[in-house]
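Reader: I would like to learn how to read the helices and loops of a model. Please take one feature at a time.

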Amino acid sequence: MGLDCRELLDVKEYEFLINWFMRKQKQHQLAQLDEPYSYDGYSLYDQKVNQLIAEATIAFVETFQRQAPALVFTNLFHLAELELQGKRDRLIKAPKSLQ
């Protein structure tokens, strides 16, 4: 399983989360934070990540009336970061057998 998580969500759920995370990351200006991604739980980045994932979990349940695996929220949060940076297209390549 990659950062995609499409096998765990239907299309509407996937699109809802990726768009929700991109909108919230822009709103909170995560890309403009002048600090390393530390994952220590203390940085402003870590605090925002945890806050947005918690909010996304609630928004998902309110919208779809079901829980989703926690992995979905973490992966789609980071996929939204890549999407906003314009790097996702470079990461997704067709297998050589399809080229």
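Author: What follows goes through one helix, its packing partner and some single residues. This is a predicted model, in which local features need pLDDT of at least 70 and side-chain atom pairs count only at pLDDT 80 or more, while totals for chains, interfaces and linings use all residues. Residues are numbered from 1 along each chain as its sequence is written, and side-chain values use heavy atoms, with hydrogens and water left out.

Reader: What span should helix H3 have, and how far apart are its end C-alpha atoms?

Author: Helices are DSSP runs (H or I, at least four residues), numbered from the N terminus. The expected span is 1.5 Å times one less than the number of residues. H3 covers residues 70-85, 16 residues, so 22 Å is expected; the end C-alpha atoms lie 24 Å apart, which agrees. Just after H3, glycine 86 has a positive phi of about 75 degrees.

Reader: Which residues of H3 are buried?

Author: Buried means under 20% relative accessible area, exposed over 50%, and partly exposed in between (1.4 Å probe, protein chains only). In H3 the buried residues include Val72, Phe73, Leu76, Phe77 and Leu79, as well as the polar-named Asn75 and His78.

Reader: How is the packing of H1 and H3 described?

Author: Two packed helices are described by the angle between their axes and the distance between the axes. Axes are lines fitted to C-alpha atoms, for helices over the stretch in contact, and angles run from 0 to 180 degrees between N-to-C directions. H1 (residues 11-27) packs on H3 at about 60 degrees, with the axes 9 Å apart. That makes H1 oblique to H3; angles under 35 degrees count as roughly parallel, over 145 as roughly antiparallel, 65 to 115 as roughly perpendicular and the rest as oblique.

Reader: Which residues of H1 and H3 meet?

Author: Contact means heavy atoms within 4.5 Å. Among those in H1 are Tyr14, Leu17, Ile18 and Phe21, and among those they meet in H3 are Val72, Phe73, Leu76 and Phe77.

Reader: Where does glutamine 29 lie?

Author: Glutamine 29 is in the loop between H1 and helix H2 (44-64). Its phi is positive, about 55 degrees, although it is not a glycine. Glutamine 29 counts as partly exposed, at 49% relative accessibility.

Reader: Is glutamine 65 buried or exposed?

Author: Glutamine 65 is exposed, with a relative accessible area of 62%. This residue sits in the loop between H2 and H3.

Conventions: Helices (H or I, at least four residues) and strands (E, at least two) are DSSP runs, numbered from the N terminus.
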